[in-house]
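Thanks, everyone. I have one model to go through today, and I will keep it short. Please have a look at the sequence and the structure first.

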Amino acid sequence: MEIDWLILADSAEVVNNKLYLLGGGWDSITVKRPFPVVHPCAVATAFSVPWNETNQPRNVEIEIMTEDGESRAKIAAKVEAGRPTGLSQGQAQRIQFAVRINLKLHGPGGHVIIARVEGEERRRVPFNIVAGSGSTANRPPR
């Protein structure tokens with residue numbers, strides 16, 4: 001099973017295996033409030049399940065970590081693709097899901113989203129937290 005995409009978005013949902021995204025594909029967040037701050041966001045992912053791996057449950061995990069390796073959020077799920085009637089032999093199936101996260105940000109810096117299948121890392125997407133005007137990271141010490 002492979003990962004077709006792993007996308008950060010402002011909002012995302014999957015309905016009838018169709019992905020609906022708002023503000024998707026970003027790789028940085030500018031925070032204009034004092035840290036720590038809770039930033040609502042979403043992660044959307046799609047798994048491609050080969051024909052010979054259908055009808056088998058798989059453990060998947062999405063984790064958001066800081067560049068120092070500190071976990072900020074972890075989502076675990078079990079997914080399984082079936083073989084619908086009329087599916088051509090050899091055709092892969094796509095499983096999509098989206099999850100909303102209230103991500104607690106402690107300060108500026110690099111982060112990464114990691115997608116794993118059966119504990120094995122399959123995709124990694126970096127993103128950055130930037131301190132904008134109004135955040136405590138940009139204020140001179142008193």
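In what sense do strand 1 and strand 2 pair, and over how many bridges? The pairing is antiparallel, over 6 bridges, with strand 2 covering residues 18-24. One of the positions to look at is E13, whose bridge partner in strand 2 is Y20. The two strands form a hairpin with 2 residues between them, and N16 there takes a positive phi near 55°.

I should say at this point that this is a predicted model.

Now the overall picture. The protein has 9 strands and 0 helices, so to put it as a pattern along the sequence, we read β-β-β-β-β-β-β-β-β. Taken along the principal axes, the C-alpha atoms fill a box of roughly 70 × 30 × 15 Å. Of the contacts between residues at least 6 apart in sequence, 68% join residues that are at least 24 apart.

Back to strand 1, which also pairs with strand 4. That pairing is antiparallel too, over 7 bridges. Within it, L6 has T45 in strand 4 as its bridge partner.

Next, the interior. Of the 142 residues, 40% are buried. The largest nonpolar core has 32 residues, and the members that touch the most others are V43, I101 and F127. Which elements give two or more residues to this core? They are strand 1 (2-15), strand 3 (28-31), strand 4 (37-49), strand 5 (58-66), strand 6 (71-79), strand 7 (93-105), strand 8 (109-117) and strand 9 (120-131). Strand 7 supplies the largest share, 6 residues. As background, nonpolar side chains in soluble globular proteins tend to be buried together.

Let me stay with V43 for a moment. What does V43 touch, leaving out residues up to four places away in sequence? The list includes L6, I7 and L8, and L6 is the residue we just saw bridged to T45. V43 also touches I62 and I64, then F97, A98, V99 and I101, and finally I113. I101 is itself one of the three core members with the most contacts to other members.

Last, the surface. The protein exposes about 8,100 Å², and 45% of that comes from carbon and sulfur atoms. As for charge, there are 17 positive and 15 negative charges, and their mean positions lie 6 Å apart.

That is the tour: a hairpin at strands 1 and 2, a pairing of strand 1 with strand 4, and a nonpolar core of 32 residues. I will take questions now.

Technical notes:
Residues numbered from 1 in each chain as written. Predicted model: local features only at pLDDT ≥ 70, side-chain atom pairs only at ≥ 80, totals over all residues. Heavy atoms only, no water. Helix = DSSP H or I, 4+ residues; strand = E, 2+ residues; numbered from the N terminus. Buried < 20%, exposed > 50% of the residue type's maximum accessible area, 1.4 Å probe, protein only. Contact = heavy atoms within 4.5 Å. Areas by Shrake-Rupley, 256 points an atom, 1.4 Å probe, with all protein chains shown as cover. Lys, Arg positive; Asp, Glu negative; His and termini not counted. Charge placed at Lys NZ, Arg CZ, Asp CG, Glu CD. Core = buried A, V, L, I, M, F, W, Y, C linked by side-chain atoms within 4.5 Å. Pairing = 2+ DSSP bridges.
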